[in-house]
Structure formats: structure tokens, C-alpha cells
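Colleague: I should like to take a close look at one part of this model. Please examine the strand pairing there and then set that part in its wider context.

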2 protein chains.
Amino acid sequence: MTDHLLLPDIRIMLAETDDAGLAAVMSELHPATIADCCEGLSIEEIWQLFEHTSIEKQAHVFPFLPRAKQVQMVRGTGQEHMSRLIEKMPHDERVRLLKSLSHDVVDSLLPLVAKADRQDIRMLLSYPENSAGSVMTTDYSWLPPDIRVSDAFANLRQQAHHSETIYYTYVLDPERHLVGFVSLYDLILAPPTAQVSEIMQRELISVRVDQNKEEVARKMQKFDFLAMPVVDAENRLVGIVTHDDMIDVVVQEATDDALKMGGVGSMAENYMKVPLVTMWRNRAGWLSCLFVAELFTFTALAQFEHDMEEIVALSLFIPLCLSTGGNSGAQAATLITRAMALGYVRISDWWRVLRHELILGLMLGVTLGILGFFRASLTPQSVLGNANRWMLALVIAQAVTLICIWGTLVGSMLPLIFRRLGFDPAYASSPFVATFVDVTGIVIYFSIASVFLL
Amino acid sequence: MTDHLLLPDIRIMLAETDDAGLAAVMSELHPATIADCCEGLSIEEIWQLFEHTSIEKQAHVFPFLPRAKQVQMVRGTGQEHMSRLIEKMPHDERVRLLKSLSHDVVDSLLPLVAKADRQDIRMLLSYPENSAGSVMTTDYSWLPPDIRVSDAFANLRQQAHHSETIYYTYVLDPERHLVGFVSLYDLILAPPTAQVSEIMQRELISVRVDQNKEEVARKMQKFDFLAMPVVDAENRLVGIVTHDDMIDVVVQEATDDALKMGGVGSMAENYMKVPLVTMWRNRAGWLSCLFVAELFTFTALAQFEHDMEEIVALSLFIPLCLSTGGNSGAQAATLITRAMALGYVRISDWWRVLRHELILGLMLGVTLGILGFFRASLTPQSVLGNANRWMLALVIAQAVTLICIWGTLVGSMLPLIFRRLGFDPAYASSPFVATFVDVTGIVIYFSIASVFLL
């Protein structure tokens, strides 16, 4: 049963108000499948479909809808119904929804929500962007340490309906300090008469609520966790980050980094759905900045105008020399940015990276320099002017080598410098590094030429 | 308790052969934490530490060690012990280990492994790289449809020790066809007398064993699954892909794409640990190819040598014009490559992408063209030669606009063409696109100049 076969069926059921059929759709399909079908329906039709199931199931399907649709749906229904739905939604999902709504909609909705939920929402909304707190949920399941395993099952069964997961349960003391962790797997294999404190895992692996969400993702990946407990400064459990939210963090970060490194800036949405004007604004901003910076190549070249008039061959090699700097810089910047994203390289490693890249830059530069030497030695007489063929080849070889080293150094150090200054290292993109190296590359090139040729 | 405090403790325990202490370390710590400590120990010390726990726990810790350490450890122990460890290891992890071992080591080890495990290993080894089969594991838990919920618990308890997860259980008919799915959550909330077939989810969401692993990751992310069932052409369950393997796939793909897009090729390891020569070989290969391609800029420019001699200003604007093509191309290539990786853009969308990028290229080109016009109109008299200032400005504006459109088109179409030809679209990297656009950009630039100026 695939979505494009389902949708026409649902349309017919809606037209014929086939209550039994619609109820079956809502009860038997996975929430994500239902959400897929909803993308082809109008807001009114979705609400009509939703009426055929419990508010709990509605609250499960709702988060799978695209955010834009969710926002439209809030407007398309009564506030009373929406406030009930918000109470039943996973705690992290409802906060994400509220963040997408305009302030006046939130202000009119929140007073209708039950007090406990309202406080929970305000708490989750208060955490800074990119922190563990901003991606966690508060509907975790927990147990006291002195409960028996057999009673723990009954307890978890009660928590199941309003918990994001019962597979991982946290053991809390009366002050809600995190003292242990027990998985449903451990509970199922434990003797029913044992106490939870006897079987729980005591090694406390958790993250602080103010830790960066990328670090949380890395730590979860390291331990293969389904959920990571989030604690405050006093080690009290305040929430959990679940595996599905973590994968979203990882994918989002990868996209963000890729786009920044390609000089696009950040663009969260589906490429096919971004309006032309938004796309233009995003891309034109970056391109214009790079263009203005690149204007300095004109200024730099103008200084060496007479040298170029004397030996035309010099100007013919400019794109080759500059692209060498751009390419080697792009390589180094990409490697270091990605290594930082994976946690392999930290700011404190700058000296090791510098040494490493200096040696590599030299090795790469010499490789390319040799290639350049051979090509330049084949320069036709007509463009040589009164320059010596072998001297020109030597100039090109040296310029290529030096510019390659320079590009490698700039590319490897810029991401570290950006991080140090508090910027995202991914902004040290290939186009940015290339532009930066172009202007300096011209100066390097003509300085060498003036020593050996002019 | 952090690792750098633990390691000295473990060292002392090993030196004093403190059996109780070492046994406590092995029983109380998370396998990943133990593996962290092992990184600071010699191969002999690790085996000494491992002796203080069961073979099952050893098999749990082993996969968390870095692959290189695992390979060393295989050499450092008796084959008899290693074959027992392999029998207890998660099925996907042991296949990954065997893939890293040399053929003769595998050939001497495998005959010692129990027959059923050996067959399982050979089966998993047979799936092509990047397929769902290559990342799945065969130690899933399953139930027949006609079993009662109360009996299902007893059944799962028996399967628990050799299953990767019991949170998701698949319901199979006698021919092992996938007929349903039941989570431990569903089982816990179900009445004990109900039959599994009454409570199971019948919407079958699965992947085919030959499907690409990236598609599997996207599908798991869409449904927020802990594990995805993998079936053969006859819908028989052959394995599952678990959430921890999926996150590894996502991170690995993001790294691969980022490095390819930066013109580094693929490099799976930790940046800090790659030997200089390997790093040089990887990077020099790409840089040399780009360098050789970029040599054509010399050839192209040589054709227009006389034009440059006539109006020196023309050569001063070359880097600006070329970088415009490179930057706009890098943007477009990055956007499309990432959109393809996220599944937003497919080959069949090429026409929509082309139209979209043509309009955007025009909008961006005009934006930059206007900037270029103003800068070129300020060209000093000394480099203008006998060219008209406004004509030169017009040439620069048109060249920048056209090259920007060209770069955008090349950047957006190359990833699609690469995918069509069966290459990874990420190879349409920023440096690759820039080099491609440089040579053609020169021709565009001087063709316009020759119409208006020469």
C-alpha cells in the first residue's frame, strides 16, 4: 500500500463521509504515512479526517506533518481543540510548533492549555538555541530506586501513554537527582523480586542542559544510546534527547555545514520549495560579498601592469596560479572543518594542524610546481617577450609552490580562527578561501616574477 | 568518573593483578567507556583486562574499539578464543571486523567458528557495498502470529541474549514472510491473553535488501524507527538495520560528501591519524588533475594575447570574471548535491532545476553585473589604452552576468549528470566546477570584449 494509491481512496471516503473507512485509515496506518497523505489534502479535509480518531492519535500524526501545514492547521481549527491537542503532543514537538507560530497566536492559545503543560512549555522555550535543552523533551519515564522490578512494570505501564519512550528509564532520588539508568531490556531479564537499584546501571552518562546539541549527538552516537539524559548543574534530570531528534540534529548540521562551505549560507528548507526571491536574497548576499572582495584583484593587478606589458606570458599564467591557491585552500578548509564537526580537531590542536599542513602544503606545492615548470618551459616564443624561457618556468614553479603552501595554510587555519572568534568554522567556505587567496596570490606571483625576470 | 582518571587506576590494577577491581571495571562500566580506556593500553593489557569478564561482555566491548585496534587484537590472541568471541559478537559488527582482516587470517579463523555462524557471516559478506544488506544485522527477534502476548514475553526473554534489539519484534509466518510488527511497548500495554496477530501493526514498512543504504537511512528517519526490517524479493525477513548503524551511515555519508565537495576525495579516518603520505597521495591526486585541467586557461588566454596587449585593462579583470563563475557554480553545485542527498531532488527533476537555476542565474548575474559595471567605469585612464570607458564597463557587466549564469547552470547540472552517469554527484565539487568554468569563462569574456571593444 503506497501513498499515491491511498490518497485517492481517502479522497473518496471523505467525499462519501465513509466514517468506518476513515476510522480504519487513522487507526491502521503509521502516523508518518497518514501525514504523507495529508500533504495532498486541504486543511479542512485534514481536520475532517482527524475527527475519526482519538485526540491522542491526532497528537501523534500532527508532528509528522510539514511545519508549514501545522501552522496553517492551527489557524484552521478552534482554539479549544488545538489546546487539547497541544496537551497531548510530545513535549518537544509542541514546543517546536509554538516556535513557528506568531506571538499573538501563541498568546491566545497558551492560556487555554492546562497549567502544568503551560509551565513545561515555558521552561522548554527558555533554553537557548542549539543547546541540549532546545532539543530535549520532558516526557521521559522514571522510577524510584527502591521499587521492585515487578512493580516497576506496573509503574511504567501507567507512564507509557505520556512518555516519549519507556525503553530507557531513569532512576531518580526524591530530589530528582539522576542516580542510575535501567533499560526495559534489563527489567525484562531481571528477577521480578529484585530492586531496581540492584539492577540499574550506575555509570552516569548524561549531558548538561546548556551543552551544545552537536556534542550531545556525538555522545549519543558514541554510546549507541536510544535516549540521552539531560541534567542541570545539580545533576537533576530535566529531560531526555531521543534518537529521532538526534538524527534530525545530525542531518541538519550536515546540511548547514555543506551549504555554508559552498558559500550559500544556511537554508533549512527543501530546495524545491524555497521561493525564488528568498533563494536569490540568500545567494546574492554571499556572491556580492565575494565579488566585492574579489574586486581587490583588479587593484592588485593594476600595480603590476607594467610587468605584464613587458612579458605577456606572465598574465597568461595568472588563472593557473590563482586557481592552485583556491583549490588547495578549499581542500584544507574542507578537511579541517569536517574534522572539527566530527570532534577530531579542536582549537587547541592548532599548532599540530599548522605543522601538519605546512609539510603537506610543501609536498603538494612541489608536486604542482614540477607540473607547472614543465608547462611553462613550453611557452611559445611569441608571448615570452625578451624573457628567458627557463627563468619563466622557474618563476611559475616557485609561484605555484608558494601559492599552494599559502592556500593550504589559509584554508586550514581559517576554520580554527573562525571557531576561536565564535563564528561557525563552516563559513570558511571554498569560495571564501579562494577569494582570500586570490588577492594575496597575485602579490606572491608578481613579487617572485620581479626578482627573477624583471 | 572520566576516562583519564580511570586509565591510571586500571593500569595499577593490571600491574597488581587486582582481579576483583578489574572484574568490577568490566562489569560496571559501559562498553564504550571500557573501550575508551583500552585505547591507552597495550594489546596484551587489553586481553588481560578482558579475561576478567564473560565472553559475552567481551563481545560487547570489542566492537567499540577502533577498528585498527580490533585487527591488532585478533593477531594478539589464540584463534580458538577469537572464534568464540566472533560467535558472540553482534552479527553486523563481526562482519565489519572480518572485512578489515586479511584474507589468510579470515581463512584460518572461519573454520573454527560454529557452522551456523559461519553461514550467517558468508551470507552477510555477500551483499554489495552500500546496500541495505551490507549494514544490516541478522540477530533480530521475531514471533509467530498465533502466539499469546503472555507467551511472547517468555519467548523474547530467550531471544534477548542473542538479539540486537527486542524493542522491535517482527511477526513472521512459517515461511518467514514478514506479516507484521510489534513493539515491546505494544506488548507491555496489551492484554496478556491477546494473540500477537490481533495487536500487531499490519502496515508493512520495510526496505529491500538491495536498496541503497542512504535510502534506508532516509526512510528510517521519516518513520522515526529504532530498526528497519530488511526483506528479500519474496518479502521474507532477512535482517534489520538498527538506529545506531543508521546514524553511522548518515554521518559517514555527510563526511564523504563534504570531502568530495571540497575536492579531497574520500578519506574515512580521523584527520589527526592519517599518515602524511596517504594524505599527500589523496590530495595531490585531485589537485594535480585540477591543475592539469586548469592549464587550458593558458591555452585559452594565449588566443586572446593581442587583445590584452591592446587594452591592458582587459587582463586586469580576468580574476574577477573567472571567480564569479567559480563562486556561483560552487553555490549551485552545493545546493543541488545536498538537495539530492536529502532526497528533495531526483534526476527526473532536471528540467525544473534547469529552469529554476536559469532564472536564478539571471537574477544573480544581473546583480553582480551592476556591481561590475560601476567598478569598471572607474578604471584609470592609464590602463584603458584607447578603449572607451563606458564600453569597457558594459563589457565587464555583460561578461560577469553571462559567466554567472553559465557557472550556475554548470554547477546545478553537473551533479545531476554525474548521478545519471552513475558517479557520486558530490564529485561535482566546488574546485571541479570552478576549474570547468574558468576555461569557458575566458572564452565568454573575450568573445564579448571582441564584439564591443576590439
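In which sense do strand S4 and S5(A) pair, and over how many bridges?

Modeller: In this predicted model, strand S4 of chain A, residues 207-208, runs parallel to S5(A), and two bridges join the pair. At the level of single residues, A:Arg208 lies opposite A:Val231 of S5(A).

Strand S5 of chain A spans residues 227-231 and is mostly covered, with five of its five residues buried. Burial here means that 20 or more other C-beta atoms lie within 10 Å of the residue's own. The side chains of the strand divide between two directions: A:Ala227, A:Pro229 and A:Val231 point one way, while A:Met228 and A:Val230 point the other way, and all of these are buried. A:Val231, the residue that stands opposite A:Arg208, thus belongs to the set that includes A:Ala227 and A:Pro229.

S5(A) also pairs with strand S6 of chain A, residues 237-242. This pairing is antiparallel and comprises five bridges, whereas the pairing of S5(A) with S4 is parallel. In general, the strands of a sheet pair through backbone hydrogen bonds, in either a parallel or an antiparallel sense. One bridge of the S5(A)-S6(A) pairing can be given by residue: A:Pro229 has A:Ile240 in S6(A) as its partner. The two strands form a hairpin with five residues between them, and in the turn A:Asn235 adopts a positive phi of about 65 degrees.

The core provides the next part of the context. The largest nonpolar core contains 219 residues, and A:Val241 and B:Val241 touch the most other members of this core. The contacts of B:Val241 can be listed, leaving aside residues up to four places away in sequence. They comprise B:Ala132, B:Val135, B:Met136, B:Val216, B:Met220, B:Ala227, B:Met228, B:Val230 and B:Met246.

Another sheet of chain A may be set beside this pairing. This open sheet has three strands in the order S1-S2-S3, and its pairing is mixed. Strand S1 (141-143) and strand S3 (178-183) are its edge strands, each pairing on one side only. From one strand to the next, the twist averages 35 degrees. S1(A) and strand S2 of chain A, residues 168-172, run parallel and are joined by three bridges; one of the bridge pairs is A:Trp142 with A:Tyr170 in S2(A).

Chain B has an open sheet of three strands in the order S1-S2-S3, with mixed pairing. S1(B) and strand S2 of chain B, residues 168-172, are parallel over three bridges, and B:Ser141 has B:Thr169 of S2(B) as its bridge partner.

The two chains are themselves related by a rotation of 180 degrees with 0.0 Å of shift along its axis, which superposes chain B on chain A with an RMSD of 0.1 Å. This is the relation of a two-fold axis. Where the chains meet, 95 residues of chain B are in contact with 95 residues of chain A. On the side of chain B that touches chain A, helix H21 of chain B, residues 318-341, gives the most, with 16 residues. By class, that side has 59 nonpolar, 21 polar and 15 charged residues. Of the interface residues of chain B, 100% are also interface residues in chain A, so the copies meet through the same surface.

Conventions:
Residues numbered from 1 in each chain as written. Chains lettered and ligands numbered in written order. Predicted model: local features only at pLDDT ≥ 70, side-chain atom pairs only at ≥ 80, totals over all residues. Pairing = 2+ DSSP bridges. Helix = DSSP H or I, 4+ residues; strand = E, 2+ residues; numbered from the N terminus. Axes fitted to C-alpha atoms, helices over the stretch in contact; angles between N-to-C directions. Contact = placed C-beta atoms within 7 Å. Nonpolar A, V, L, I, M, F, W, Y, C, P; charged D, E, K, R; others polar. Least-squares fit on C-alpha atoms with pLDDT ≥ 70 in both. Buried ≥ 20, exposed ≤ 12 C-beta atoms within 10 Å, placed from the backbone. Core = buried A, V, L, I, M, F, W, Y, C linked by C-beta atoms within 7 Å.
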